[in-house]
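Subject: Structure handover

Hello,

Here is the structure I said I would pass on, with the sequence. My notes on the pockets and the helix packing follow below it.

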Amino acid sequence: MLFNSIDFAIFLPIVFILYWFVFKTLKSQNILLIIASYVFYAWWDWRFLGLIIVSTLIDYSIGLAIDSEKKKKSLLTLSILLNLSILGFFKYYNFFIENFKDAFQLFGRDLDINYLNIILPVGISFYTFQTMSYSIDIYRNKIKPTTNLVAFASFICFFPQLVAGPIERASSFLPQVEKRRIFSYAKATDGLKQILWGLFKKGNCRQLCCFCK
């Protein structure tokens, strides 16, 4: 789902109205954010929802363990290896296979290794490094691990920055997810103005590109 699509123009107001005027408690609002974010991501390809869920559970569990176990460095290393392995597989598997085969061909050997038809999950770099930042911040004693899985999942899959960033540090964003939010008409109108201005600029840039062609 693109931010400048008709689908998102329908999706966002629905989520906004439900969030502020139907779901009143902090937990219910965070659950809505998770559902909305998963719907937003699944609009592109629902099969990759499992990756976000796995990344979320990995660092939620490791974060709790880092705070209570003596082997903090080993647990942080485990978090980094697991997350980078998932990212590396989808992003670089075929690249390494191609170079590996080319290297053996220099010595007159052909390796029968098949490429995989791998689709790069959109936004995987953003949420992978975001989950890792949580474990790193706990390791550095910048934050305490949260026991609220709902809040943590909301922090990881927050749809406005899920597929385009920026990467938010847990020490900055997670406390905001765990606190009660109060509706502000001034902030809502300011946000709407920024959205409209962004769409206007994007539309002008697209027209300029077409003109240049």
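The largest pocket in this predicted model has a volume of about 1500 Å³. Its lining takes in 34 residues, and those closest to the pocket centre are L12, F16, W20, F158 and P160. Five elements give two or more residues each to this lining: helix 1 (6-21), helix 2 (26-45), helix 6, helix 7 and helix 8 (185-212). Helix 8 supplies the largest share, with nine residues. By class, the lining of the largest pocket holds 22 nonpolar, nine polar and three charged residues.

The second largest pocket comes to about 150 Å³ in volume. Lining it are M1, L2, F3, F40, Y41, W44, V122 and V163. The lining of this second pocket consists of eight nonpolar residues, with no polar and no charged ones.

On to the helix packing, beginning with two of the helices that also help to line the largest pocket, helix 6 and helix 7.

Helix 6 (residues 149-157) packs on helix 7 (residues 170-177) with the axes 9 Å apart, at an angle of about 125 degrees. That angle is why helix 6 counts as oblique to helix 7. The crossing of helix 6 past helix 7 is right-handed. Helix 6 makes the contact through A151, F152, S154 and F155, and helix 7 through A170, F173, L174 and V177. Seven of these contact residues are nonpolar and one is polar, while none is charged.

Helix 6 also packs against helix 5 (residues 124-139): the two axes come within 9 Å and cross at roughly 140 degrees. Helix 5 is therefore oblique to helix 6. On the helix 5 side the contact residues are Y127, Q130, T131 and Y134, and on the helix 6 side they are F152, F155 and I156. F152 and F155 of helix 6 thus appear in the contact with helix 7 as well as in the one with helix 5. The contact of helix 5 with helix 6 has five nonpolar and two polar residues, and no charged ones.

Helix 5 has a further contact, with helix 3 (residues 49-68), where the axes lie 9 Å apart at an angle of about 5 degrees. The small angle makes helix 3 roughly parallel to helix 5, because angles under 35 degrees count as roughly parallel. Helix 3 contributes L51, I52, S55, T56, D59, Y60, I62, G63 and I66, and helix 5 contributes I124, Y127, T131, M132, Y134, S135, I138 and Y139. By class this contact has 11 nonpolar, five polar and one charged residues. Y127, T131 and Y134 of helix 5 are found in the contact with helix 3 and also in the contact with helix 6.

Regards

How values were computed: Residues numbered from 1 in each chain as written. Predicted model: local features only at pLDDT ≥ 70, side-chain atom pairs only at ≥ 80, totals over all residues. Heavy atoms only, no water. Axes fitted to C-alpha atoms, helices over the stretch in contact; angles between N-to-C directions. Helix = DSSP H or I, 4+ residues; strand = E, 2+ residues; numbered from the N terminus. Parallel < 35°, antiparallel > 145°, perpendicular 65-115°, else oblique. Left-handed = near helix turned anticlockwise from the far one by under 90°. Contact = heavy atoms within 4.5 Å. Nonpolar A, V, L, I, M, F, W, Y, C, P; charged D, E, K, R; others polar. 1 Å grid on protein atoms, 1.4 Å probe; cavity = no way out; pocket = protein on both sides within 12 Å on 5 of 7 lines; lining within 4 Å. Points joined across faces, edges and corners; volume = space filled by probe spheres on them.
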